[in-house]
Amino acid sequence: MRFFISLCMIFLFSSIVAGEDGEYWNWAWRSYDLEVEYPEDQRGDLIAFLPDGTINTLLSDIYPVLLKRINDSTAFVGIRQGDEWYLYYLSADSAHPVILLFDHAYYIEIEPFLGHYAGYDYFVPDFMPIGDEKFLIFNTNLEIYAIYDVASNQVMSLNLKPWCDRDCVRVSEDGRYIRYYVRGDDPYYTRLRTYQLSTYPPLRTLPYQLYEYDIVTQTERLFHEQVMTDTNEEDGISSWGGCTPDEYGERWFCTVFLNQSLELTPVPSRKFIVDTNGYIEDVNLNWSLQVLDRQWYFLDMGSEMFGCWKCVITVYPDSNRDESFEFIIPENEYSV
């Protein structure tokens, strides 16, 4: 009996505990004794198991590459099945296909470059919960966007513009809206630049747009756009910027650097908060955003915006900026 190393390390040796409301399941792959030339040509059984020895065989004759746990008893996993690659939804006793990712010919094409593309994360989709029984499934590299309904095992494909990663997208509290940030770069170079720093043309983040997608009406709405300004990169002048969403994407904290010399330390031209109605609130240029327990805090470092030693930091909680407080960065720290 042999086990697939990645799944073993992550899941066989994860903490195994029994929750108050149920059992904590783990998954593993049990390979067949086959002689193969390439690892992805291996085959075996995907099993769910408990510490007491309970084992459920969920899939046979497959090769798994990356499993992403949802909770104590469910997960998503990317697998090869025959000559096709899929995303599956797993429970303790069943496995359901969610999305066909690509055929094996495509995998052979990209396999030599997976080391640059963060491994299997490059093509195994990520997910975000939408309520209790639905998930937003997404992979910008393959331009896969869909909603998976666990109760019905139905998938609704979405026609969305590419975003950068999970930090650039949020689902509204009621699960109706998907709000996301779109870079202005050509999507191909944006994705490639993430892993290959010598990519040409250089990565830029202007212009960028903020969109809201209505799942019910299946319509998309632009609620903010930061346009590109005139630059002269031959003279070492450029502009860039970006935004960070709150928990549900209702408000975005944005910073813009306009007409900056590439040879000098950049200084922000504008910092502001924009909501889904397009309302903009300008904030102090000295503020930096920190997120703690899904709550926003604005840190004012005065003129020492890029780090300081033994200096006083003023913190403004977003929920009540009148209740600010101060602290001093310890001597052995350079910044926060």
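These legends walk through several close-up views of a predicted model.

**View 1. The whole chain, before zooming in.**
Start with the overall tally: the secondary structure comes to three helices and 23 strands. Of the chain's 336 residues, 45% count as buried. The accessible surface adds up to about 17800 Å², and carbon and sulfur atoms own 48% of that. If you take the contacts with a separation of 6 or more, residues 24 or more positions apart account for 40% of them. A search for salt bridges across the whole structure turns up 13, and some of those appear in the views below.

**View 2. Strand E5 and its two partners, E4 and E5's other neighbour E6.**
Strand E5 covers residues 75-81, and six of its seven residues are buried, so the strand is largely enclosed by the rest of the structure. On one hand there is E4 (residues 55-69), which pairs with E5 in the antiparallel sense over six bridges. A hairpin of five residues joins E4 to E5. On the other hand there is E6 (residues 84-90), antiparallel to E5 over seven bridges. The hairpin of E5 and E6 has two residues between the strands, and Gly82 takes a positive phi near 70° there. Phe76 is a handy residue to centre on: Phe76 is the bridge partner of Lys68, and Tyr89 in E6 is the bridge partner of Phe76.

**View 3. Arg80 and Asp83, a salt bridge with one buried end.**
Here the side chains of Asp83 and Arg80 meet in a salt bridge, at 3.3 Å from N to O. Which of the two ends is buried, and which is exposed? Arg80 is the buried one, with a relative accessible area of 5%. Asp83 has 54% relative accessibility and so counts as exposed, the cut-off being over 50%. As a general point, side chains of opposite charge can pair when their charged atoms come close.

**View 4. Glu40, a buried acid without a salt bridge.**
Glu40 sits in the loop between strand E2 (26-31) and strand E3 (44-49). What is the nearest side chain of opposite charge to Glu40, and how far away is it? It's Arg80, at 5.7 Å, and Glu40 is buried yet has no salt bridge. The cut-off for a salt bridge is 4 Å, so the 5.7 Å from Glu40 to Arg80 doesn't qualify. Leaving out residues up to four places away in sequence, Glu40 touches Tyr63, Arg80, Trp85, His104 and Tyr107.

**View 5. His104 and its contacts.**
His104 belongs to helix H2, residues 104-110. His104 has a relative accessible area of 8%, so it is buried. With residues up to four places away in sequence set aside, His104 touches Glu40, Asp41, Arg80, Asp83 and Trp85. That list takes in both residues of the salt bridge in View 3, Arg80 and Asp83.

**View 6. The hairpin of E10 and E11.**
Strand E10 (residues 144-149) and strand E11 (residues 154-157) pair antiparallel over four bridges. Ile147 stands opposite Met156 in E11. There are four residues between the strands of this hairpin, and Asn153 takes a positive phi near 60°.

**View 7. The sheet E16-E17-E18-E19.**
Four strands make up this open sheet, in the order E16-E17-E18-E19, with antiparallel pairing. Its edge strands, E16 (237-245) and E19 (280-282), each pair on one side only. From one strand to the next, the twist averages 25°. Strand E18 (residues 270-275) pairs with E19 over three bridges, and Val274 stands opposite Ile280 in E19.

**View 8. The sheet E20-E21-E22-E23.**
This is an open sheet of four strands with antiparallel pairing, in the order E20-E21-E22-E23. E20 (287-292) and E23 (325-328) are the edge strands, each pairing on one side only. Neighbouring strands are turned by 35° against each other on average, direction ignored. E22 (residues 312-317) pairs with E23 over four bridges, and Thr314 stands opposite Glu326 in E23.

**View 9. Two more spots with salt bridges.**
Glu212 and Arg221 form a salt bridge, with their closest N and O atoms 2.8 Å apart. Glu212 is buried at a relative accessible area of 8%, while Arg221 is partly exposed at 35%. Elsewhere, Arg321 and Asp318 meet at 3.3 Å, N to O. Arg321 counts as partly exposed, with 23% relative accessibility. Arg251, Glu281, Asp318 and Arg321 are linked in a network of salt bridges.

Definitions and conventions: Residues numbered from 1 in each chain as written. Predicted model: local features only at pLDDT ≥ 70, side-chain atom pairs only at ≥ 80, totals over all residues. Heavy atoms only, no water. Pairing = 2+ DSSP bridges. Axes fitted to C-alpha atoms, helices over the stretch in contact; angles between N-to-C directions. Buried < 20%, exposed > 50% of the residue type's maximum accessible area, 1.4 Å probe, protein only. Contact = heavy atoms within 4.5 Å. Areas by Shrake-Rupley, 256 points an atom, 1.4 Å probe, with all protein chains shown as cover. Lys, Arg positive; Asp, Glu negative; His and termini not counted.
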